[in-house]
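Dear colleague,

I am passing on the structure below, together with some notes on what turned up in it. Please read the notes with the model open beside you.

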Amino acid sequence: RSPPFFLDRRRVPGRERPSPGRAMADKSESAEYYCLDFGRLPDELYNPEAPQKEWEKHLTTAGKDGFKPGELSTIAPIRPGEFVERLIMYPLYMMLNAAPFS
């Protein structure tokens, strides 16, 4: 398996990306585990032109002991409008899809 594009060590033609080993060495020399919470990423990083260094700013690392207890169990905050949509519209959509079969 190849690593995700932001951890990929290969060079992509036409796009200069630093080696992850060098860029992440600044963050933690003894990093054994990496965590990137996609729910907390800003919208401007979701495009092909976003530099790798901007992604790495949101990367958290842990040593051989792993992450602290409870550190990976946090949930990214959600705006109230999106929360209402998911709370009401998703179940309504599922019920309306099943209605023709009942």
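Contact here means heavy atoms within 4.5 Å. With that rule, residues 24 or more positions apart account for 66% of the contacts in the protein chain that have a separation of 6 or more.

Before going further, please keep in mind that this is a predicted model, in which local features need pLDDT of at least 70 and side-chain atom pairs count only at pLDDT 80 or more, while totals for chains, interfaces and linings use all residues. Residues are numbered from 1 along each chain as its sequence is written, and side-chain values use heavy atoms, with hydrogens and water left out.

The confidence score, pLDDT, is given by the predictor for each residue on a scale from 0 to 100. The protein chain has an average pLDDT of 76, and 71% of the residues score at least 70. Over residues 8-26 the pLDDT is below 50, although this stretch has 26 contacts in the model beyond near neighbours in sequence. Where pLDDT is low, the predicted coordinates should not be read in detail. Among the elements of the protein chain, strand β1 (residues 33-36) has the highest mean pLDDT, 91, and helix α1 (residues 20-25) the lowest, 43.

As for the fold, the protein chain holds three helices and two strands, where helices (H or I, at least four residues) and strands (E, at least two) are DSSP runs numbered from the N terminus. Along the sequence these elements follow the pattern α-β-α-β-α.

Helix α3 covers residues 80-98, and its 19 residues should span 27 Å at 1.5 Å a residue, which agrees with the 27 Å between its end C-alpha atoms; the expected span is 1.5 Å times one less than the number of residues. The same helix, α3, bends by about 30 degrees at R86, the bend being the angle between axes fitted to the seven residues ending at a residue and the seven starting there.

Turning to the surface, the protein chain exposes about 8,400 Å², of which carbon and sulfur atoms supply 59%; accessible areas come from the Shrake-Rupley method with a 1.4 Å probe, and for residues only the protein chains shown count as cover. Of the 102 residues, 18% count as buried, a word that means under 20% relative accessible area, with exposed meaning over 50% and partly exposed in between (1.4 Å probe, protein chains only).

How many salt bridges are there? The count comes to three, a salt bridge being a side-chain nitrogen of Lys or Arg within 4 Å of a carboxyl oxygen of Asp or Glu.

- R40 pairs with D37, with the closest N and O atoms 2.9 Å apart; R40 is partly exposed at 42% relative accessible area, and D37 is partly exposed at 27%.
- E54 and K57 meet at 3.0 Å, N to O; E54 is partly exposed at 30%, whereas K57 is exposed at 55%.
- E82 and R79 meet at 2.6 Å, N to O; E82 is partly exposed at 25%, whereas R79 is exposed at 55%.

Finally, K64 lies in the loop between β2 (59-62) and α3, and K64 is exposed, with a relative accessible area of 69%. Leaving aside its neighbours within four places in sequence, K64 is in contact with E32 and Y33. The C-alpha atoms of K64 and Y33 are 7.6 Å apart, although the two are 31 residues apart along the chain.

With kind regards
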